[in-house]
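Got a protein in front of you and no idea where to start? Let's walk through it with some quick questions and answers.

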Amino acid sequence: EVQLQAFGAGLVQPGGSLKLSCAASGFTFDDYAIAWFRQAPGKEREAISCISSSGESTYYADSVKGRFTISRDNAQNTVYLQMNSLKPEDTAVYYCAARAGYYSGTYPLTQYHMNYWGKGTQVTVSS
C-alpha cells in the first residue's frame with residue numbers, strides 16, 4: 001500500500017517554528033521527487049517547496065524562500081519541511097506528494113504532475 005504519512009502539524013505563534021515530516025512507504029522513495037503543497041480556504045493549492053529524488057535540487061516559492069527549508073533522508077524514506085519565522089499567512093492545510101522521475105528544481109511542480117498524495121495536515125499560525 002502506498003502511503004505518505006505527515007507529522008508535525010499544529011498551532012504556532014507568529015515568528016515561531018515548526019517542522020513537518022512526511023514518511024513514505026509502498027514505493028521506491030529515492031526514485032521520486034517530493035513536493036510540499038499548501039491550500040488555504042478559498043485559495044488554489046500551490047507548491048511551496050520541491051526537492052529532487054537525490055535531494056540535490058530544490059525549489060522554493062517566493063512566499064517562503066529564506067524561511068522554509070526542504071530536505072530528505074532517503075535512508076529513512078522521509079522528507080522534511082523546516083518552517084521558521086512563521087506568519088499568519090502561512091496558515092493552511094499542508095500536503096506532501098510524490099512524482100516519479102527527474103526534477104531539476106528550477107520550476108514548481110503542480111498538483112497535476114504528482115503520482116501519490118498524502119492526507120493534508122493543518123498548520124495554524126496565530127497568537
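What follows is a set of questions and answers about this predicted model.

Q: How many helices and how many strands does the secondary structure of the protein come to?
A: Reading along the sequence, you meet β after β in the pattern β-β-β-β-β-β-β-β-β-β-β. No helix turns up in the tally, so to speak, and the secondary structure comes to zero helices and 11 strands.

Q: What radius of gyration does the protein have, next to that of a compact globule?
A: For 127 residues, a compact globule would come out near 14 Å, and the value for the protein agrees with that. As for the box that the C-alpha atoms fill, taken along the principal axes, it is roughly 40 × 30 × 25 Å. The radius of gyration of the protein itself is 13 Å.

Q: What share of the residues in the protein is buried?
A: A residue counts as buried when its relative accessible area is under 20%. On the outside, the protein exposes about 6500 Å², with carbon and sulfur atoms supplying 45% of it. Of the 127 residues, the buried share is 43%.

Q: How far apart do the centres of the positive and negative side chains lie?
A: The protein carries 10 positive side chains and 10 negative ones. Take the centre of each set, and the two lie 5 Å apart.

Q: Is Leu11 buried or exposed?
A: You'll find Leu11 in strand E2, which covers residues 10–12. Setting aside neighbours within four places in sequence, Leu11 is in contact with Thr124 and Ser126. The cut-off for exposed is over 50% relative accessible area. Leu11 has 65% relative accessibility, so it counts as exposed.

Q: What separates the C-alpha atoms of Leu11 and Thr91?
A: Along the chain, Leu11 and Thr91 are 80 residues apart. In space, their C-alpha atoms are separated by 9.2 Å.

Q: Which kind of aromatic pair do Phe27 and Tyr32 make?
A: A search of the whole structure finds seven aromatic pairs. In the pair of Phe27 and Tyr32, the ring centres are 4.7 Å apart and the planes stand at 70 degrees. Planes over 60 degrees apart count as edge-to-face. That is why the pair of Phe27 and Tyr32 is edge-to-face.

Q: Which residues form one aromatic cluster with Phe27?
A: Phe27 is buried, at 12% relative accessibility. Tyr32 is buried too, with 12% relative accessibility. Both belong to the cluster, and the residues that join Phe27 in it are Phe29, Tyr32 and Tyr116.

Q: Which strands does the pair of Phe37 and Trp117 tie together?
A: The rings of Phe37 and Trp117 have centres 4.9 Å apart and planes at 45 degrees, so the pair is tilted. Phe37 is buried at 1% relative accessible area, while Trp117 is partly exposed at 31%. The pair links parts that are 80 residues apart in sequence, because Phe37 lies in strand E4 and Trp117 in strand E10.

Q: Where does Asn77 lie?
A: Asn77 has a positive phi of about 55 degrees, although it is not a glycine. With a relative accessible area of 26%, Asn77 is partly exposed. Its place is the loop between strand E7 and strand E8.

Q: What phi does Ser85 have?
A: Ser85 lies in the loop between E8 and strand E9, and counts as partly exposed at 42% relative accessibility. Ser85 is not a glycine, yet its phi is positive, at about 50 degrees.

Key: Residues numbered from 1 in each chain as written. Heavy atoms only, no water. Helix = DSSP H or I, 4+ residues; strand = E, 2+ residues; numbered from the N terminus. Rg over C-alpha atoms; globule rule 2.2 N^0.38 Å. Buried < 20%, exposed > 50% of the residue type's maximum accessible area, 1.4 Å probe, protein only. Areas by Shrake-Rupley, 256 points an atom, 1.4 Å probe, with all protein chains shown as cover. Lys, Arg positive; Asp, Glu negative; His and termini not counted. Charge placed at Lys NZ, Arg CZ, Asp CG, Glu CD. Contact = heavy atoms within 4.5 Å. Phe/Tyr/Trp six-rings, centres within 6.5 Å; stacked < 30°, edge-to-face > 60°.
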